[in-house]
Every structure is written in C-alpha cells, then in structure tokens.
Amino acid sequence: PYNTSAIINDDSSIDVAWVADNSTGFASNFIVHAFFESTIYESAKGCDESFVKRKFVYETSEAKIKLSNLESFSKYSVTIRAKNDYGISDPSKKYFFTTKSAPPSQPRDLKIEFESIDDEILVVTGVVSWSPPCQLNGHFSLYTITLNGKRPGFDDHSRTEASSFQNFTFDDLKRGFSYEVKVQAKNSEALGVPVTMSFVAPSGGKF
C-alpha cells in the first residue's frame, strides 16, 4: 500500500485511506496497525496514563478505515500491510497524524483554606486551590473560577474570575454565606469539564 492519507475529525477519530499496489496480485484484505506516539500537551503530575490505548490492529477488505476512540491532541502513526492468498506484504511507510484538541478534563483536588482574621471584620479571605487536569487536550490557556453564594435575607454574592495559576484568593467572602465554587480549565480551543465544591464561610460567631 502507498499514498496513505487521512482526514482528522472533530471527535478525534480519523478516516484513513490508501492506494493498493496490485502489481503482484490483488489484495483480499488489509491489516492496519495504529500506534499512539505521544500527547502534544504537557502531562500533569500524579496522573495515571494507563487509560491510553497504545496500539490498535484492524483488518478490512477496503482501502480505507475509520479509527475511533483516539486520544485528543495526540500524535499517532499508521502502517498498513496488504494480504492475499500468497501471504502478507511488508508494512507501508509510517504515516503520522495528529488528532484535534478537545475540552480539558476536570481539575483535581479542589480545596479552600481560610485566612485567620479579626472576627470583627464582616468578610473572610479564602484561598481556593486545585491540581491541573490529567487530560488538558490542547495548549493551556487559563482557569475560570465561578463563585456563587447565598444566605437567607441577604443579596446573593457572585463572582467570575480567571487565573493562569492553580489558585485564586477571594478576599470578600461574606460571613455565614453558603458558597459553591466551580473551576474549569480552558485550552486554546475549548472550556473544560468543571469541578465544583460547596463550603460555608466562617460566621464569626462564638461557636
């Protein structure tokens, strides 16, 4: 087989096609080997990469195939062998391709720590922190942090912020408010899966 070509789809699948060399007989089937080479984005520490399937082997009677369930924003290679009644050919030249980016997976280990301040002050400072997603699926852009707080009898307290770092300091948390904070990673193409956490800002009461 020669003249391998590919169409990269938005769902990280790929349509591969090639031309059969019939000079020594017509091929009855083709054996396709696809190999995961590497992710293009930087891997985060503490992530298990066992989810990556390293090798795919397919057999088809047509000179084309769709490869699915590939990792986003990653580099793959494909080789093809022709098969007929007399045997199997040598592999074709390696063809390399890169899958498209996709939304990042959710950040990990979301938590908040409150700073110790005077109980007479009506607001509290809290530092929200997290670990990066295991699958960034693109070039990192930033994190978005959305805060929503409620307390009966009071106006809601909401903020949306952005950070290039894995933390953000809220210096205006209102005492006794029930909050939900949501953090999402964004790469150059898409906003990722959110991770959320609920907490209550210290009330400042005796207990």
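**Entry 1: Phe199.** I began at Phe199 and looked up its contacts, leaving out residues up to four places away in sequence, and found that Phe199 touches Ile112, Phe114, Leu147, Leu173, Phe177, Ser178, Tyr179 and Val181. I note here that the model I am reading is a predicted one.

**Entry 2: the largest core.** I then asked which residues of the largest nonpolar core touch the most other members. Of its 23 residues, these are Leu110, Trp130, Leu173, Val181 and Phe199, and I recognise Leu173 and Val181 from the list of residues that Phe199 touches. Tracing where this core comes from, I found that β9 (108-114), β10 (123-131), β11 (140-150), β13 (167-174), β14 (178-187) and β15 (195-200) each supply at least two of its residues, while the largest share, four residues, comes from β14.

**Entry 3: a second core.** I also looked up a second core, which is separate and has 17 residues, among them Val16, Phe36, Tyr76 and Val78. As background I wrote down that nonpolar side chains tend to be buried together in soluble globular proteins.

**Entry 4: an open sheet.** Turning to the strands, I looked up a sheet of three, which is open, follows the order β1-β2-β5 and is paired in antiparallel fashion. Its edge strands are β1 (2-8) and β5 (64-67), each of which pairs on one side only, and the twist from one strand to the next averages 20°.

**Entry 5: β2 against β5.** Last, I asked how many bridges join β2 to β5. Strand β2, residues 14-19, is joined to β5 by four bridges, and the two run antiparallel; within this pairing, I found Ile14 opposite Leu67 of β5.

Notes: Residues are numbered from 1 along each chain as its sequence is written. This is a predicted model: local features need pLDDT of at least 70, side-chain atom pairs count only at pLDDT 80 or more; totals for chains, interfaces and linings use all residues. Side-chain values use heavy atoms; hydrogens and water are left out. Two strands pair if DSSP finds at least two bridges between them. Axes are lines fitted to C-alpha atoms, for helices over the stretch in contact, and angles run from 0 to 180 degrees between N-to-C directions. A nonpolar core is a set of buried Ala, Val, Leu, Ile, Met, Phe, Trp, Tyr and Cys residues joined through side-chain atoms within 4.5 Å. Buried means under 20% relative accessible area, exposed over 50%, partly exposed in between (1.4 Å probe, protein chains only). Contact means heavy atoms within 4.5 Å.
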